[in-house]
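This briefing goes through one structure topic by topic, beginning with the contacts to nucleic acid and then turning to the sheets and helices. Please keep the sequence and the coordinates at hand while reading.

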Amino acid sequence: MPELPEVEAARRRIERGALNRTIEAVTYGDDITHMDLPDRAALDRFTGTQFSTATRHGKFIFAGTQGGPWMMIHLGMAGSIRVMDADEVDADYIRLTVAFEGGTRLTFRDPRKFGEIVVVEGVEDYVAERGLGPDALTIGDNAFADVIGGTRGAVKSALLAQSKLAGVGNLWADESLYRAGILPDARACDLDAGRIGQLHGVVGDTLKAVVDTDAVYSKLPADWLIHRRDEGADCGICDGAIGKTKVGGRTSYFCPDHQTGG
DNA sequence: TTTACTGTTAGGAC
DNA sequence: TGTCCTAACAGTAA
């Protein structure tokens, strides 16, 4: 369920369990038809090397070897990453496995096959090549105001555009707008500088809070939208009831009472 | 059986 | 030239 916080949790799992171990082999899982995975030769470049670092930009993870290639992992709609001990049994839908000496292994699971793995030579070049905007956790106030406030379309669509701001997806876009009191279909350019600044703060706080729980939603505050994404549910902030609509083709939950436009 | 889905992108409309 | 919107991708689960 990967947006920035879920991807960050995955990155941390790699950092905790998969660095500085010698890679014995990288193997494909069953049924990798239609998937975007590196070819055999590209994967073989990792054999005998070790991952020494794991970084993230938006929803993209990069596991890097010392002076060598990086393995870029994108989890798509339903991908996940786990570091398994030698005695643990694989789940279903494993598409790629990085096996380390001693039996520990990094598994990439992706039932829906929307994920992607690419062998890249450098992170910054790849981020530029994909056309990603600044990471949502580190973007500055001015850049946020330019890139979101300058959009003529719906503010939620702007938050979701990875070319403007990398990392925010459907769930946390809704959550941020709910907490900032802004309707998802408000035109971004109709919001004054104060509200755009406030939205920036709320987006950052929201993502950080989810990262801090390692993306375990049950640990998030009870008044958050994540616990009431149901049409007609009680709003956690005011006396309103949660509504449901489509913005930019994406299902959007919001409170028509305390969230406002322009 | 039908429907929706937490992401990305190509192609067409404005 | 941008910018924005929609449909499509593939598979599962409710």
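Which polar backbone atom is 3.4 Å from a phosphate oxygen of DNA strand C? In this predicted model, the polar backbone atom in question belongs to G153. The points below set that contact beside the others made with DNA strand C, and then describe two open sheets and the helices that lie across them.

**The surface around DNA strand C**

- There are 13 residues around DNA strand C, and of these Y93, R112, K113, T151 and R152 come nearest.
- Sorted by class, the residues of the surface near the strand comprise three nonpolar, six polar and four charged ones.
- Where the atoms of DNA strand C lie within 4 Å of the protein, 53% of them belong to sugar or phosphate, while the rest belong to bases.
- Two side chains also approach the phosphates: a polar side-chain atom of Y93 lies 2.9 Å from a phosphate oxygen of DNA strand C, and a polar side-chain atom of K164 lies 3.3 Å from a phosphate oxygen of that strand.
- Y93 therefore appears in two of these descriptions, being listed among the residues that come nearest to DNA strand C and having a polar side-chain atom within 3.5 Å of a phosphate oxygen, which is the limit for a polar contact.

**The sheet β1-β6-β7-β5**

- Four strands make up an open sheet in the order β1-β6-β7-β5, and their pairing is antiparallel.
- The edges of this sheet are formed by β1 (23–28) and β5 (80–84), each of which pairs on one side only.
- On average, and with direction ignored, neighbouring strands of the sheet are turned by 15° against each other.
- The edge strand β5 runs antiparallel to β7 (residues 105–109), to which five bridges join it, and V83 stands opposite L106 in β7.

**The sheet β2-β3-β4-β8**

- A further open sheet of four strands, again with antiparallel pairing, has the order β2-β3-β4-β8.
- Its edges are β2 (51–57) and β8 (116–120), and because each has a single partner strand, one side of each is left without a neighbour in the sheet.
- From one strand to the next, the twist in this sheet averages 20°.
- Six bridges pair β2 with β3 in the antiparallel sense, and T53 has G64 in β3 as its bridge partner.
- The same two strands, β2 and β3, form a hairpin with two residues between them, and in the turn G58 has a positive phi of about 60°.
- At the other edge, five bridges join β4 (residues 70–74) to β8 in an antiparallel arrangement, with M72 standing opposite V118 in β8.

**Helices across the sheets, and a helix pair**

- Helix α1 is placed against strands of both sheets: α1 lies across β5 and β7, running at about 20° to β5, and α1 also lies across β2 and β3 (60–65), running at about 175° to β2.
- Helix α3 (residues 123–130) lies across β2, β3, β4 and β8, and its direction is at about 150° to β3.
- What angle and axis distance describe the packing of α1 and α7? Helix α1 (residues 4–17) and helix α7 (residues 193–212) pack at about 35°, with their axes 9 Å apart, and their crossing is right-handed.
- In this helix pair, L4, P5, E8 and R12 of α1 meet L207, V210 and V211 of α7, so that, by class, the contact has five nonpolar, no polar and two charged residues.

Conventions:
Residues numbered from 1 in each chain as written. Chains lettered and ligands numbered in written order. Predicted model: local features only at pLDDT ≥ 70, side-chain atom pairs only at ≥ 80, totals over all residues. Heavy atoms only, no water. Near = heavy atom within 4 Å. Polar contact = N/O pair within 3.5 Å; in protein donor to acceptor, adjacent residues only side chain to side chain. Axes fitted to C-alpha atoms, helices over the stretch in contact; angles between N-to-C directions. Left-handed = near helix turned anticlockwise from the far one by under 90°. Contact = heavy atoms within 4.5 Å. Pairing = 2+ DSSP bridges.
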